[in-house]
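Thank you all for making the time this morning. I would like to take you through one model, and I will ask you to keep the picture in view while I talk.

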Amino acid sequence: MIETVSVANSLERSPLFATLTPGERASLAAAMFDVRLERGQMLFSRGDSSKDIYLVIEGRIRFSVLSTEGREISFSHAVAGDVFGEIAALEDTSRSTDAIAITRAHLKVIKQLTFRDLLTRNASFS
């Protein structure tokens with residue numbers, strides 16, 4: 001229960017989920033599941049299907065692509081409290097970058113179906 005409250009509080013700090021009521025954020029937090037990554041482990045690759053949205057609980061995720069010369073070009077990092085993956089999940093497009101844990105990481109995951117259901121049930125959120 002404490003973790004659900006903590007996750008709901010993290011969702012409240014995200015501009016994407018800030019307009020939800022406390023009850024809606026708590027319900028969403030309860031529906032999320034855990035993903036744990038070791039340092040260097042890939043979460044997804046460029047071109048993968050985009051079904052999930054992620055909330056970083058702890059750790060750091062790097063977003064990058066490979067250049068035509070084979071060099072890794074880093075775009076940004078996600079840290080605790082950051083939400084990512086929502087645009088690709090909404091548009092049902094493939095991932096545009098690689099996402100790799102650069103530290104041990106704990107993420108919470110919102111399934112695309114759960115997110116779309118929330119959009120359907122809550123006109124002010126959508």
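I will begin with a sheet, move to a helix that lies across it, and end with a pocket.

Please keep in mind throughout that what you see is a predicted model.

The sheet is an open one, built from four strands in the order S1-S8-S3-S6, and the pairing is antiparallel. At its edges stand strand S1, residues 33-37, and strand S6, residues 83-84, and because each has a single partner strand, one side of each is left without a neighbour in the sheet. As a general reminder, the strands of a sheet pair through hydrogen bonds of the backbone.

If we look at the S6 edge, strand S3, which covers residues 52-58, pairs with S6 over two bridges in the antiparallel sense, and there Tyr54 stands opposite Phe84 of S6. Across S3 and strand S8, residues 105-111, lies helix H4, residues 112-121, which runs at about 55 degrees to S8.

Now to the largest pocket, which holds about 240 Å³ of space. Which residues come closest to its centre? Of the 17 that line the pocket, those are Phe84, Gly85, Arg95, Ser96 and Thr97, so we meet Phe84 again, the residue opposite Tyr54.

Strand S5, residues 72-79, S6 and helix H3, residues 86-91, each supply at least two residues of the lining, and H3 gives the most, with four. Sorted by class, the lining has seven nonpolar, six polar and four charged residues.

Definitions and conventions. Residues numbered from 1 in each chain as written. Predicted model: local features only at pLDDT ≥ 70, side-chain atom pairs only at ≥ 80, totals over all residues. Heavy atoms only, no water. Pairing = 2+ DSSP bridges. Contact = heavy atoms within 4.5 Å. Axes fitted to C-alpha atoms, helices over the stretch in contact; angles between N-to-C directions. 1 Å grid on protein atoms, 1.4 Å probe; cavity = no way out; pocket = protein on both sides within 12 Å on 5 of 7 lines; lining within 4 Å. Points joined across faces, edges and corners; volume = space filled by probe spheres on them. Nonpolar A, V, L, I, M, F, W, Y, C, P; charged D, E, K, R; others polar.
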